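Reader: I have a structure open in front of me and I am not sure how to read it. Could we go through it feature by feature?

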Amino acid sequence: MAQLNKTEIGAFLAKQGILIAFAAFMIGFALANQRFIELDNVFGVIRSSAILGVMALGVTFVVIGGNLDLSVGSMMSFSTIVVLDLHDKLGPGLAILAMFALTLALGAFIGFLVGYLKLNSLIVTLGMLSAIHGLTLTWSGGKNMDIADKSGTWFSVFGQERVMGIPVPILIFALLAVALSLLLSKTPFGRKVYAVGGNGQAATFSGIPRARVVFLTYIVSAFCVATAGLLQASRSLGSQNTVGQGMELEVLAAVILGGASLMGGAGTVFKTVIGVLILGFIQNGLLLVGLDFYVQYIVTWIIIILAVWLDVAAKRGRLWSPIA
Amino acid sequence: MNLTRKMALACTTAVLGTAAAAETMTIGITQNNVGVDSYQTTYEKAFIAAAEADPDVEVVVLDAGGDVARQIAQVEDLIQQEVDAIIIWPTNGEAVIPAVRKAHQADIPVVVTNSNIAEAGFDFIASFSGPDNITQGSRAAEIMCDKFKDMGIEDEAGIVQISGQPGYTTAIERAKGFEDRLPEVCPNVTLMETQPGDWNREKAQQVMEAFLVKYDDIDGVYAGDDNMGVGALNAVKAAGRDGIIFVGATNFAVGYEAMAAGDYWGSIYQSPVDDAEAALQTAIDILNGEDVPFLNYFDTPKITQDNMGEFTKPVF
Amino acid sequence: MTTTLNQKDILKRGAIWAFILVELAFFAIVGDAMSVSSKAFLSVDNMLLLLKQSAPIGIIALGMTIVMINGNIDLSVGATFALAAVVLLDSMTWPFMQALGDWAIPLAWGFALLTGVVLGAINGLIVWKTGVDAFIVTLASMLGFRGLVFMYNGEQPTSHLNWTLVDFAEAQFLGLHTATWFLLGAALILWLLMTKTVHGRNAYAIGNNREAAVNAGIRVGPHFVLNFMLIGFLAALSAVVFYSESGSVNPNDGMLYELWAITAVVLGGTKLAGGYGSIISTLGGVIAIQLLRKGLGHIGADTQTVNLVIGLILIGVLILDRQLNRKGQEELKI
Amino acid sequence: MTDQTPVLRLEGIVKTFPGVRALDGVAFSVLPGEVHALMGENGAGKSTLMKVLGGIHAPDEGQIFIAEEPTVMTSPMQAKAKGVVFIHQELSLADELSVAENIFLGELPLKGLGRVDWPKLYADTDAILKTLNVGFDARTRVGDLSIANQQMVEIGRALTVDPRAVIFDEPTASLTDAEKVVLFDVIADLQSRGVGIVYISHRMEEIFKITDRISVLRDGQYRGTLNTAETDEDEVTQLMIGRSLDLSRNESHHEMGDVALEVRGLGCGALYQDVSFSVRRGEVLGFYGLVGAGRTEIAETIFGLRTPSAGQILLNGEEVRIASPIDALGHGISLVPEDRKSQGLVLGMNCRDNMTLPQVDDLTAGPFVSDGAEIAIFDQYRDKLDIRTPGWRQIVGNLSGGNQQKIVIGKWLSMRPEVLIVDEPTRGIDVGSKSEIHNLIRELAAQGFAVIVISSEMPEVLHVSDRIVAMFSGRVMREFTADEVTEDNLIQAISGITDDKVA
């Protein structure tokens with residue numbers, strides 16, 4: 001009986017472990033510093049996590065579909081630079097449209113390579129990380145992109161304004177999270193993503209167009225990247241070419257922390273959001289208690305290992321791996 | 001000691017220089033990280049333009065992409081290609097010293113540009129051409145202090161600093177100049193904290209967001225360049241705080257605009273075009289056997305909202 | 001090799017060297033037309049330099065090959081590289097080390113290499129004991145180890161310039177630079193390890209069919225740990241070779257090295273899924289990348305072009321590999 | 001024989017897992033030179049027993065004796081060292097390595113500095129290969145071998161020690177009949193050397209062909225041992241499932257409708273050529289042949305997974321072009337694939353989602369999948385097929401093989417196909433579920449479906465088919481009606497013997 005209880009506790013921990021860890025962190029930091037849970041601070045954290053979060057939403061689709069996307073950081077800097085450059089040439093509305101179109105085209109290219117040509121996604125997106133960075137530099141000529149008239153454009157609304165007291169980036173993040181969560185969990189397309197990631201061959205045998213589904217996950221990812229680029233550009237109205245660089249691994253860390261399996265077929269949008277928030281609040285909490293930013297690296301290391309370990313331990317029913 | 005070394009250098013380069021002048025001279029440059037910000041990009045363009053304007057000069061332009069290993073490899077490549085002079089914009093002021101020594105041993109004069117290498121390497125370089133970053137730091141401290149005095153808060157103000165990339169000589173010197181000068185002019189202003197912003201607007205914005213979380217009362221921000229300063233300004237705007245005095249360095253177009261808009265108080269005017277042309281000219285002078293000062297500074301004046309009309313808007 | 005090579009194998013193993021030849025021909029012809037330098041690109045000195053410049057990524061890529069043959073991956077090598085460098089340079093400033101004079105050098109090397117081995121062992125033990133995928137474990141430790149680098153010296157660089165050390169690192173013996181000797185030596189030893197020893201053959205077996213290896217009584221866990229220690233050692237060795245010469249490390253050094261190393265290994269034809277790959281081909285992959293960089297610099301291409309070209313070549317290689325492995329029209333369309 | 005010392009004996013083995021008594025006092029022994037079958041339905045405890053024997057699980061009670069010496073098993077390697085060797089059902093070889101390295105996997109000969117002693121390795125391997133009488137050498141890459149030869153490599157592994165007892169776990173699952181003959185020769189050879197053989201299989205014909213005794217497990221309990229010569233299939237089946245099983249010839253004759261599917265001169269490169277056949281509504285058409293004869297590939301072509309290089313496919317008399325499974329589904333063709341786990345199911349998904357996967361696009365309310373519609377379909381087919389699961393939320397991977405197969409069949413039935421192709425309907429499924437699935441196939445035909453059954457098991461084909469197509473090496477050798485087929489002429493047809501081929 002005792003053993004049964006232990007496994008039950010284990011299963012519960014593994015299923016909700018990430019939420020429990022999140023709660024424990026929040027309580028701990030709140031006790032350490034009152035300011036941590038003040039509304040302003042909470043808004044601040046979510047707002048600065050929004051860009052990472054929006055990208056993580058898209059990568060969640062790719063990962064559940066059984067692939068990886070290491071190009072999102074590079075692609076986000078492309079989006080940001082392009083929309084800023086076009087803002088002064090085409091006006092904000094057209095610039096946003098054009099930027100989304102170009103980013104989606106990049107996503108489509110990757111989706112084509114991974115989906116239809118069935119190339120390994122790790123290597124393809126690794127190559128694209130480098131190639132898109134080259135593209136961005138070519139576009140900008142290596143210069144910073146700045147909107148000339150910073151106060152006279154409505155473009156700043158996405159990154160800087162508030163609606164009903166809530167910062168717009170948070171609203172966009174939340175809206176996108178809800179919409180994508182519905183797309184993933186409630187629609188036929190979402191079901192197919194799980195099927196393709198869970199067992200691509202079985203999905204094909206079930207009449208699911210695997211290549212198209214994989215292709216579409218990269219389109220979703222590119223759409224999220226474009227949105228992130230929009231938030232980024234609107235937030236600062238100007239940018240360097242290096243913006244977003246290195247974010248791909250942070251994004252992946254958030255997705256993994258949320259419990260998406262790299263083997264594909266498992267994960268949810270909601271849990272990814274939790275993963276993003278954990279990273280954001282840890283960063284903020286450690287700063288508030290006066291620790292240097294790099295302490296968060298070490299904390300993140302430990303948390304990711306523990307979270308994923310709990311998850312696999314629950315699935316196999318024992319804590320330690322059976323590998324001899 | 002310094003004098004003898006320079007004499008020796010002048011002699012060797014004079015011999016080389018006359019030989020090279022007959023044909024054309026080939027000058028190789030390895031830059032830090034082009035494309036990381038506008039300053040470096042503008043510098044590269046200006047450098048190439050200046051070289052093209054001179055029929056006697058051919059240039060090999062390389063970019064280390066911020067990677068020390070790649071920069072060292074590029075210095076080796078330039079030595080191997082037997083260029084007449086090497087200009088280096090160090091990615092790391094110390095790590096490139098052995099590579100610079102190698103060039104020196106191959107009798108290729110080295111000019112360090114923009115950001116100096118550490119003192120241990122002074123024996124191997126012909127000249128440094130660039131801004132005087134210590135002076136820039138002190139001038140920024142003076143700008144900040146003067147403004148506080150105008151506002152009457154020179155006895156209570158608390159400020160934060162966002163420095164450049166750690167290990168980068170420019171960053172170290174600007175911070176040192178600022179930190180040394182500030183207590184001399186405004187002894188009661190407290191520097192609450194310094195964090196690096198890595199010359200990166202986004203990073204600076206994050207650092208500033210963290211400062212705003214930590215400190216309720218911030219009166220001033222000193223940023224190692226305007227790029228970071230504007231990042232910090234964005235953070236402050238987003239948080240809805242105001243009344244903070246921003247002082248930067250290397251006046252960027254965005255900084256200039258922010259000054260025009262009244263959001264940003266002052267900076268140091270430094271042109272990448274001057275920087276690039278000075279570096280190339282220094283190398284040419286050395287190859288022509290002319291005597292150049294070891295530390296070849298170009299002037300970088302103060303710029304604030306009060307006197308900005310005297311300056312044209314930076315092109316980068 | 002021990003098994004009979006079939007035609008496709010020969011084609012696959014030859015591909016990277018053919019690619020290098022194409023690069024050489026291209027840069028020799030185009031390079032000499034476009035470069036301002038009067039020196040030929042294809043000179044012996046330049047090629048020797050090429051080998052030397054391949055060393056930092058190359059030594060890491062050799063280790064990555066073994067880990068990938070095992071069916072694992074190590075994303076933390078860049079951070080390991082940096083931490084080993086910090087230990088190398090900082091240890092030489094410790095008072096007792098300074099008292100030792102030049103004898104401090106081998107000791108400092110030992111400390112740095114030990115650091116790499118310990119970090120590798122941490123990764124390996126976590127992979128073994130928790131059963132979490134190596135990709136995730138090392139993605140996390142990439143952050144964690146980088147955190148340790150920062151903890152050591154804040155955001156400041158760690159520097160110690162020792163001219164004896166620099167002279168050694170810059171020396172040439174029989175025309176080859178010190179770094180080249182280390183690269184070639186490591187490649188030779190690892191080649192012997194992978195083709196001649198039980199450990200090496202087991203590495204292939206485990207990557208090929210892990211369950212079979214377990215059933216055959218191969219202790220997969222300790223085997224993983226050993227290989228992670230090996231790649232940690234090699235990342236540290238790469239740092240030792242490189243920083244002996246440069247004498248200063250920034251806390252951000254080595255970032256993205258894992259991606260370059262993986263790129264080189266994949267160019268060399270090692271399978272991501274494990275079980276297939278060769279040390280010699282990885283050496284080819286490393287040289288191909290360095291040659292590309294060097295050549296593009298030689299003909300005056302800028303950073304963006306280099307990035308674009310390397311990225312697209314990687315994808316091109318993948319497409320080519322896929323075409324080679326196609327079974328033709330009869331293939332099952334899954 | 002009875003007074004000999006058993007090479008291996010298990011006594012009163014008990015093993016419990018949380019909530020389950022997996023083995024309940026099992027006794028079992030193998031004499032030298034004996035082939036001893038171990039039978040039982042899936043879940044009866046055979047694999048647990050083998051894991052206890054291999055030291056993977058420690059028994060709670062009971063004792064293992066090797067040559068009457070009480071022994072504690074700790075690992076498969078230790079078992080091997082003691083002369084007890086396992087040959088696994090699923091091949092566990094490293095494709096990229098040589099035959100020699102595979103045979104001596106985990107025990108490569110050393111010669112100092114951790115180096116492999118290659119000459120010794122090759123010599124030892126060649127010696128083993130010689131006793132197996134195979135046509136490849138020690139240096140061959142295993143990935144280049146046929147499945148049957150790979151199986152031989154697997155058996156070669158058992159011979160690196162002087163074995164006392166060899167345990168074969170479903171060794172013929174992927175072998176052709178000709179290859180089985182070679183395997184049985186090897187077993188006979190081992191037997192003659194006094195090795196005791198434990199032979200685990202679901203295939204009655206083999207059991208009766210080669211074994212001396214049969215021991216049966218049911219629900220973790222030992223049900224008795226029979227002498228093969230003195231028993232018959234019925235008795236064994238009754239012991240295994242507690243009732244007898246109908247595996248007689250198909251003799252039902254009901255009304256058949258029009259031709260639903262016709263294939264004319266279909267070919268796909270080297271895989272198969274010039275294949276023609278038709279199937280009517282209400283008919284079960286059996287495909288019988290060796291592995292690799294091209295049966296599965298034909299099914300995959302009809303389902304749009306392969307591109308044919310020649311020929312036509314006609315549905316209801318009209319030629320159709322099927323380029324993908326989506327096209328096939330559109331034309332009312334369904335395929336229950338050969339490999340349940342890798343092709344039939346998303347193991348990590350729940351029962352309902354698996355079942356409704358092909359039609360999820362049609363089960364929507366607005367943009368969303370309708371829970372109600374999905375559950376209705378699941379409930380309908382759960383009842384119809386008698387799928388035993390706690391509920392639709394159950395993850396498919398946790399179900400038994402038989403129930404998994406029913407989920408796959410339900411998935412395709414719920415598409416209401418006109419033509420249902422079932423590839424190896426009962427592979428790896430226990431006897432009880434087998435007959436349920438056979439009955440189901442007959443019922444479907446009776447309801448007017450056109451059904452194609454592909455199988456490697458002759459009794460199965462004979463049991464369910466109205467007509468049988470015999471294939472050999474990519475070609476249709478002959479078509480039989482249920483009346484004219486005999487075991488003999490069927491075997492001849494699939495072995496490429498054309499003497500009595502009817503023109």
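**Reading the chains, their domains and their contacts**

Author: Let us begin with burial: of the 316 residues of chain B, 65% count as buried. Please keep in mind throughout that this is a predicted model.

Reader: What radius of gyration does chain B have, and what would a compact globule have?

Author: The general idea is to set the value for a chain beside the one expected for a compact globule with as many residues. For 316 residues that expectation is near 20 Å, and chain B agrees with it, because its radius of gyration is 20 Å. The box that the C-alpha atoms of chain B fill, taken along the principal axes, is roughly 65 × 35 × 35 Å.

Reader: How many helices and strands does chain B have?

Author: Chain B comes to 10 helices and 12 strands. A record can then direct us to a stretch of the chain: an unreviewed UniProt entry annotates residues 32-290 of chain B as "domain: Periplasmic binding protein". Over those residues, 32-290, the chain is 49% helix and 17% strand, and the C-alpha atoms at the two ends are 27 Å apart.

Reader: Which share of the contacts in chain B joins residues at least 24 apart?

Author: Here one looks at how far apart in sequence the contacting residues are. When contacts in chain B between residues at least 6 apart in sequence are considered, 74% of them join residues at least 24 apart.

Reader: Which domains does the assignment give for chain B?

Author: A domain may be put together from separate stretches of sequence, as this chain shows: domain 1 of chain B takes in 2-131 + 274-298, while domain 2 takes in 133-271 + 304-310. The centres of these two domains, taken over C-alpha atoms, are separated by 31 Å, and the contact takes 12 residues from domain 1 and 12 residues from domain 2. On the side of domain 1 that touches domain 2, α2 and α10 (272-287) of chain B each supply at least two residues, and the residues of that side divide into 3 nonpolar, 6 polar and 3 charged.

Reader: How many residues of chain B are in contact with chain A?

Author: An interface between chains can be read in a similar way, by counting residues, then elements, then classes. Chain B has 24 residues in contact with 23 residues of chain A. On the side of chain B that touches chain A, at least two residues each come from α2 (38-53), α7 (201-214), α8 (226-239) and α9 (253-260), and α7(B) gives the most, with 8 residues. By class, that side has 9 nonpolar, 8 polar and 7 charged residues.

Reader: What does chain C come to in helices and strands?

Author: The secondary structure of chain C comes to 14 helices and 4 strands. Of its 334 residues, 59% are buried, and its C-alpha trace spans about 70 × 60 × 35 Å along the principal axes. With 334 residues a compact globule would have a radius of gyration near 20 Å, and the 21 Å of chain C agrees with this.

Reader: Is Ala79(D) buried or exposed?

Author: For a single residue one counts C-beta neighbours, and Ala79(D) counts as buried because 24 of them lie inside 10 Å. Ala79(D) lies in helix α2 (residues 76-81) of chain D. Leaving aside its neighbours within four places in sequence, Ala79(D) is in contact with Leu53(D), Gly54(D), Gly55(D), Met73(D) and Val84(D).

Conventions. Residues are numbered from 1 along each chain as its sequence is written. Chains are lettered from A and ligands numbered from 1 in the order in which they are written. This is a predicted model: local features need pLDDT of at least 70, side-chain atom pairs count only at pLDDT 80 or more; totals for chains, interfaces and linings use all residues. Two residues are in contact if their C-beta atoms, placed from the backbone, lie within 7 Å. Ala, Val, Leu, Ile, Met, Phe, Trp, Tyr, Cys and Pro count as nonpolar, Asp, Glu, Lys and Arg as charged, and the others, Gly among them, as polar. UniProt positions are given in the numbering used here, feature names are shortened, and annotations may be inferred rather than shown by experiment. The radius of gyration is taken over C-alpha atoms; the globule rule is 2.2 Å times the number of residues to the power 0.38. A residue is buried if 20 or more other C-beta atoms lie within 10 Å of its own, exposed if 12 or fewer, and partly exposed in between; C-beta atoms are placed from the backbone. Domain bounds come from an automatic or database domain assignment.
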